[in-house]
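Visitor: I'd like a close look at one part of this protein, namely how its charged side chains pair up. Could you take me through that slowly, and then show me what sits around those pairs?

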Amino acid sequence: MTIKRKISLTLAAVTTLLATITYVVILPVINEITTVVRAIHNEREDLEAKYQRGQQIRRITAEFKKIQQDLGRLNALYLPAGRELNFITTLETIARTYQLELDKTTDLATAFPSPDTPLPLTLTLRGSFTQITRYLLELERQDIYFNIGHLSIRGRVPQTGEVTAVIAGQAYRRAYEPNGETRRTTETEAEIPPPSSDNSSPTL
């Protein structure tokens with residue numbers, strides 16, 4: 001066998017050995033490394049997505065806690081169904097406190113087609129301008145929110161200084177408790193707070 005042939009056989013054997021090593025050892029290792037890298041990438045993306053969801057949940061929880069702090073004040077603005085007469089009595093008491101004549105227009109028997117329908121009221125007040133101003137200030141201080149849609153003052157009487165004010169508006173009602181249950185009116189419910197005892201008024 002010549003030297004040239006020996007060299008050729010040696011090169012062929014080395015090439016075959018390298019090919020075998022590549023196929024048996026290196027390629028599986030490369031495939032395994034690729035699989036591990038892909039798994040790590042997917043796990044990182046999953047962790048990032050979970051982190052973003054966690055951040056969003058924390059933001060929503062924080063915002064919900066802020067809203068919860070205001071729920072009590074918001075619920076206090078609504079007139080509970082079944083306490084309409086209490087509210088009207090409060091308006092009459094305020095009028096007597098400031099020595100005003102009060103006429104009101106509403107029909108409790110037909111005013112509410114559904115439990116959460118607002119209570120419409122038209123109030124006609126007669127007295128001095130100062131008395132009416134005090135009445136409006138006291139009305140504004142009440143816990144129940146009365147939304148005034150129309151206000152007019154007219155007809156000053158020269159001898160007495162009496163004017164007539166017409167106030168048209170509505171109080172918003174709720175037929176549910178803050179815990180979500182439907183309200184059931186009882187005889188022992190607390191009254192709507194009376195007008196404040198502070199009869200002082202700003203200088204007009």
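Which residue forms a salt bridge with Asp46, and how far apart are the closest N and O atoms?

Guide: Before we start, keep in mind that this is a predicted model. The partner you're after is Lys50, and the closest N and O atoms of Asp46 and Lys50 are 3.2 Å apart. Both belong to helix α1, which covers residues 3-76, and because they are 4 residues apart there, about one helical turn separates them. As for solvent, Asp46 is partly exposed at 30% relative accessible area, and Lys50 is partly exposed too, at 45%.

That pair belongs to a set: the count comes to 4 salt bridges. The general idea is that side chains of opposite charge can pair when their charged atoms come close.

Let's go to another one, in helix α3. Here the side chains of Arg141 and Glu138 meet, 2.9 Å from N to O. Arg141 and Glu138 are 3 residues apart in α3, so again you have about one helical turn between them. The two ends of this bridge sit in quite distinct surroundings: Glu138 counts as buried, at 1% relative accessibility, while Arg141 is partly exposed, with 44%.

Now for a bridge between strands. Glu101 and Arg126 pair through their side chains at 3.3 Å, N to O. This one links distant parts of the chain, with Glu101 in strand β2 and Arg126 in strand β3, 25 residues apart. Both ends are partly exposed, Glu101 with a relative accessible area of 45% and Arg126 with 22%. There's a third member to look for here, since Glu101, Asp103 and Arg126 are linked in a network of salt bridges.

Back to α3, where Glu138 has buried company: Gln131, Ile132, Thr133, Tyr135 and Leu139 are buried in this helix as well. What covers the buried residues of α3 includes α2, β2, β3, β4 and β5. The helix also passes a simple length check: its 13 residues should span 18 Å at 1.5 Å a residue, and the end C-alpha atoms are 19 Å apart, which agrees.

One of the covering elements, α2, is worth a stop. Arg96 is found in this helix, which runs over residues 84-97, and Arg96 is exposed at 56% relative accessible area. Measure across from there in your viewer: Arg96 and Tyr135 are 39 residues apart in sequence but 9.8 Å apart in space, C-alpha to C-alpha. Past α2, in the loop between α2 and β2, comes Gln99. Most residues other than glycine have a negative phi. Gln99 is not a glycine, yet its phi is positive, about 55 degrees. Gln99 is also exposed, at 63% relative accessible area.

Finally, the rings: the structure holds 2 aromatic pairs. Phe87 and Phe146 make a tilted one, 6.3 Å centre to centre with 40 degrees between the planes. That pair connects helix α2 with strand β4, its members being 59 residues apart. Phe87 is buried at 1% relative accessible area, and Phe146 is buried at 8%. The other pair is Tyr145 with Tyr172, whose ring centres are 6.3 Å apart and whose planes meet at 10 degrees, so this pair is stacked. Tyr145 lies in the loop between α3 and β4 and Tyr172 in the loop between β5 and β6, so the stack ties together parts 27 residues apart in sequence. Tyr145 is partly exposed at 41%, and Tyr172 is partly exposed at 29%.

Key: Residues are numbered from 1 along each chain as its sequence is written. This is a predicted model: local features need pLDDT of at least 70, side-chain atom pairs count only at pLDDT 80 or more; totals for chains, interfaces and linings use all residues. Side-chain values use heavy atoms; hydrogens and water are left out. Helices (H or I, at least four residues) and strands (E, at least two) are DSSP runs, numbered from the N terminus. Buried means under 20% relative accessible area, exposed over 50%, partly exposed in between (1.4 Å probe, protein chains only). Rings of Phe, Tyr and Trp (its six-membered ring) pair if their centres lie within 6.5 Å; planes under 30 degrees apart count as stacked, over 60 as edge-to-face and the rest as tilted. The expected span of a helix is 1.5 Å times one less than its number of residues. Contact means heavy atoms within 4.5 Å.
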